[in-house]
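Here is a quick tour of one model, taking in charged pairs, a couple of backbone oddities, a pocket and a core. Have the viewer open as you read.

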Amino acid sequence: MSRRDLLLKELGLTVWRQRPGHAAAAQDDAAQPDAICTPAPVVTPAETVMPAAPAEVPDLPVMPETRHEAPALRDWAELEQQVPACQRCSLNETRTRTALERGNRQAALMIVGEAPGEQEDRLGQPFVGPAGKLLDAMLTATGWDPERDVYIANVLKCRPPGNRNPQQAEMVACVDYLADQLRLVRPKLILCVGRIATQALLDSEQAISRLRGQVHHWHGVPLIVSYHPAYLLRNLPDKARAWQDLCFARKTLAGLMAAG
């Protein structure tokens with residue numbers, strides 16, 4: 001059994017493959033990453049025309065509740081300096097560390113989540129707790145290296161006390177940091193995991209179940225929606241749907257890369 005098969009078994013996912021004789025002889029999984037992305041169908045993705053990423057990713061729309069004056073077009077050095085010192089909302093009073101980023105700043109895929117949790121607050125990186133370990137396992141099983149092939153960020157850079165949902169004022173205070181990250185990374189594809197990140201980028205109140213399985217756009221950048229790994233830890237049956245979303249993202253990104 002291959003390493004990816006072992007990962008998928010550990011995740012509780014069943015993968016369908018063509019039987020020998022129905023196609024050419026199967027090659028090694030690592031040589032054919034798409035071969036592992038054939039789970040039992042859950043939702044049929046809609047046919048969507050996907051434009052190439054724009055030359056410049058614009059800023060996030062400024063929400064009407066914004067009260068601070070944010071400097072325009074920060075570079076990485078400025079983000080690294082300003083985010084740890086940020087005092088725009090009350091979360092600075094309860095955080096241990098801010099969690100700005102994780103992964104490759106030149107990655108074609110950018111994953112956007114909600115907010116740091118306990119381990120993220122302690123270590124200063126997003127998705128390093130139990131939910132992050134699940135995300136890493138699913139990315140690895142799909143054929144992505146979580147540190148080399150993906151850039152990961154959250155809407156909030158500070159942990160809400162008790163891992164409660166972010167408040168609107170907190171999201172407003174943090175939103176332009178995420179805008180700068182999107183602009184600097186210039187991803188070919190955005191993967192939003194969870195309701196909070198999806199609402200922040202799509203300005204939609206629809207449930208994840210209604211938004212997944214299709215390509216949306218944020219200012220011209222293709223965007224796919226899936227469940228947050230923390231949700232999957234509590235709702236195991238939806239792991240299969242999240243796995244399908246990752247396979248859909250992989251195929252979508254391959255098409256975007258081929259198109260230039």
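Is Arg105 buried, partly exposed or exposed? Arg105 is partly exposed, with a relative accessible area of 21%. Keep in mind that this is a predicted model.

**Salt bridges**

Arg105 has a charged partner: its side chain pairs with that of Glu101 in a salt bridge, at 2.5 Å from N to O. Glu101 falls on the other side of the line, because its relative accessibility is 18% and buried means under 20%.

A second pair to look at is Arg164 with Glu170, whose side chains form a salt bridge at 2.6 Å, N to O. Arg164 is partly exposed at 28% relative accessible area, while Glu170 is buried at 3%.

Then there is Asp180 with Arg183, where the closest N and O atoms sit 3.8 Å apart. Both residues belong to helix 5, which spans 168-185, and they are three residues apart, about one turn of the helix. Asp180 counts as buried at 3% relative accessibility, and Arg183 counts as buried too, at 10%. This pair is also part of something wider: a network of salt bridges links Arg74, Arg88, Asp176, Asp180 and Arg183.

Here are the three pairs side by side:

| Salt bridge | N to O distance |
|---|---|
| Arg105 and Glu101 | 2.5 Å |
| Arg164 and Glu170 | 2.6 Å |
| Asp180 and Arg183 | 3.8 Å |

How many salt bridges does the count come to? The count comes to twelve.

**Positive phi**

Now for the backbone. Most residues other than glycine have a negative phi. Arg186 has a positive one, near 50°. You'll find Arg186 in the loop between helix 5 and strand 4 (189-193), where it is partly exposed at 43% relative accessible area.

Asp203 also has a positive phi, near 50°. Its loop runs between helix 6 (195-202) and helix 7 (208-211). Is Asp203 buried or exposed? At 70% relative accessibility, Asp203 counts as exposed.

**The largest pocket**

On to empty space. Rolling a probe the size of a water molecule over the atoms shows where such space is left. The largest pocket here has a volume of about 610 Å³. It is lined by 26 residues, and the closest to its centre are Glu114, His228, Ala230, Tyr231 and Arg234. Helix 3 (118-123), helix 4 (130-142), helix 6 and helix 8 (229-234) are the elements that give two or more residues to the lining. Which of the helices gives the most to that lining? That would be helix 8, with four residues.

If you care about the chemistry of the lining, it breaks down by class into twelve nonpolar, eight polar and six charged residues.

**The largest nonpolar core**

In soluble globular proteins, nonpolar side chains tend to be buried together. In this model the largest nonpolar core has 62 residues. Which of them have the most contacts inside the core? Those are Ile111, Val112, Ile190 and Leu201. Helix 9, covering residues 239-259, supplies the largest share of this core, with eight residues.

How values were computed
Residues are numbered from 1 along each chain as its sequence is written. This is a predicted model: local features need pLDDT of at least 70, side-chain atom pairs count only at pLDDT 80 or more; totals for chains, interfaces and linings use all residues. Side-chain values use heavy atoms; hydrogens and water are left out. A salt bridge is a side-chain nitrogen of Lys or Arg within 4 Å of a carboxyl oxygen of Asp or Glu. Buried means under 20% relative accessible area, exposed over 50%, partly exposed in between (1.4 Å probe, protein chains only). On a 1 Å grid over the protein atoms alone, a cavity is a set of points where a 1.4 Å probe fits but cannot get out, and a pocket is an open set with protein on both sides within 12 Å along at least five of seven lines; lining residues have an atom within 4 Å of a point. Grid points are joined across faces, edges and corners, and a volume is the space filled by probe spheres set on the points. Ala, Val, Leu, Ile, Met, Phe, Trp, Tyr, Cys and Pro count as nonpolar, Asp, Glu, Lys and Arg as charged, and the others, Gly among them, as polar. A nonpolar core is a set of buried Ala, Val, Leu, Ile, Met, Phe, Trp, Tyr and Cys residues joined through side-chain atoms within 4.5 Å.
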